[in-house]
Amino acid sequence: MISHGGSIFYSQLKDEYRSIDEIARKLTTIFTGVSYEVLLEDATAFYAELSKKGFVECVEDMDAGKSPNYFSYDNYEPCIIEAESNAPVEYNEVFSGEYSLTRIHVDISSRCNENCVHCYIPVECKRSMMDEDMFDKVLNQCVDMKIINITLSGGEPMLNPHLKSFLTKCGEANLSVNILSNLTCLSEELLEVIASNPLICVQTSVYAMDADVHDSITQHKGSFQKTISAIHELHKRNVPMQINCPIMKQNLHSYREVLEFAKSLNIEASSDYTLFGCYDLSGINLGCRITKVDIEDVLDADYTNANVYDEAIRTINQKKVGDDEPICTVCKSSLCISNTGDVYPCEGWQRMVLGNLNAMTLRQIWEDSPLTKHLRDLKYRDFEECSVCQDRKYCTTCLIMNANENGGDYMQVNPYMCELARIKKRIIEVKMGKIARY
C-alpha cells in the first residue's frame, strides 16, 4: 500500500529514465519548505525499495538502461508506472497519515463462462456488462484523482466486447493495468493489445495440472487446456503474469503441482485456503473449504521452506495490533466499482455499497462518504474479542469475511478466522520448540 506522500514520489517516474537529482529538484517545488538534501535522501531510499520489489528499474548510467524492454522472464526487468502530480503541497501535510486512493478494481463484466464451485459471486448476479459510457466515467475520475493502478475483472472481463477499447484508453491515460481473467476467451487480437503495453499484467487461476480436477472446479469442460495454452502464449510475449491457486477440497492434493508449474516458467504464484463466502450471505460455496487438520498440514509443509517461514515470522513481528491500530486495510488505498457504477470497499463485499457514480463522484465517495470514513476508521478497540485476544498478531481480521458469514454483520467477528489464527500460532510455536507437537 502506497501512502499519499509515497504516491507523489511515485508520480515523478516517467516512461524514460530520469536522474534522481532531477526528481529531487522537482520535489522541492511540491514539498515547500523541505530542503533538496532531505528530499534527495528520501527519494533515493523510496525508489531503492521499489526497485527491490520489482516495480521500477534503477541504473547507475541512464545510457546503460535497456528500455523499452521493460520485462522479460529471462531477466525479470520490471515496468515503470507514471502518474502526474503538479499541485504544490506542504511536506508535513502529505506525510501526516492521510490515506490516498491509488488502486481501483473495476468489474467490467459480471457474466462468466465458468461456474467455479468456490466462487463468491451468486449465479443470479452474473448477467450484465459495463458499457463504454460508464467506463469512460470511471477512467476520467481515475485520471482526475491521479490513481496509479486499475484492475479489470468480473466475472470474466474478456466477455466484454469493449475490452480492447478499454485497454487502449488505459494505455493513453498511462495507467498500470491488471487483468483478472480465466484466459479461456483470449483472442489473438486481445493478445496483441496486451503484449504491446508494458503496463499491463495478467492474473489467472489454475487449480490443478490435472485437467479433470481443474475442469471439475470450473465446471467448464476444456477450460484447463484453454487456460494453460493462453498462459504459454502470454509467456512467449513476456507479458507479466501471476497464477493464483485457491486451495480447496477438490485440489488439496494437487495444488502444489500448479506452484511448481509456475516456478518452471518464472511466473509469480500464490495459494490461499481461506475462501470468501458468497456475498448473498448464502454460504453455499463454503463447503469447498479444507478442514482445520488439512490447514495444519498445509502450514506445516509451507514452513519447512526457510524463506516462507522467515517471511511469516517477519510479518507477525511487524504487525501492529494496539487498540488504536486499524483492524483492516479496507478503504485505505483502494475501492471497487461494479459494472453499474456501484462503489464498494473490497472485492467480495458487493453488498456494502458506498455510493454510485451516477449520483456521486469517486472523490466524494472516497473523501466525504460517512460510511467510507467509518470503515476506514475502525480500530481493534471497536471489536471486543479482538482487543483482548492473545492471538491477534497471527490473525488477518477481514470485514468481508465477517459480513459474508454473519448475515451481513461486519462488526461480528468471524470465528473461522479466529481458529485460523490459533492454528498458525500453534504451528509456529511447534517450529520454535515452545510447545510439543500433538
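These legends describe close-up views of salt bridges in a predicted model. The structure holds 18 salt bridges.

**View 1. Asp136 and Lys169 pair up across two helices.** The side chains of Asp136 and Lys169 form a salt bridge, with N and O 2.7 Å apart. Asp136 sits in helix α5, which spans residues 132-144. Lys169 belongs to helix α6, residues 163-172. The two residues are 33 apart in the chain, and their pairing links distant parts of it. Asp136 has a relative accessibility of 24%, so the residue counts as partly exposed.

**View 2. Glu192 and Arg237 join a helix to a loop.** Here the closest N and O atoms of the salt bridge are 3.4 Å apart. Glu192 lies in helix α7 (residues 188-195). Arg237 is found in the loop between α9 (223-236) and β7 (241-246). The pair therefore ties together parts separated by 45 residues in sequence. Both ends are partly exposed: Glu192 at 39% relative accessibility, Arg237 at 28%.

**View 3. Five residues share a network of salt bridges.** Glu192 and Arg237 appear again, now as members of this network. Glu188, Glu233 and Lys236 complete the group.

**View 4. Glu311 and Arg314 form a salt bridge within helix α12.** The closest N and O atoms of this pair are 2.5 Å apart. Helix α12 covers residues 306-318. Glu311 and Arg314 are three residues apart there, so about one helical turn separates them. Glu311 is partly exposed, with a relative accessible area of 37%. Arg314 is also partly exposed, at 37%.

Technical notes: Residues numbered from 1 in each chain as written. Predicted model: local features only at pLDDT ≥ 70, side-chain atom pairs only at ≥ 80, totals over all residues. Heavy atoms only, no water. Salt bridge = Lys/Arg side-chain N within 4 Å of Asp/Glu carboxyl O. Helix = DSSP H or I, 4+ residues; strand = E, 2+ residues; numbered from the N terminus. Buried < 20%, exposed > 50% of the residue type's maximum accessible area, 1.4 Å probe, protein only.
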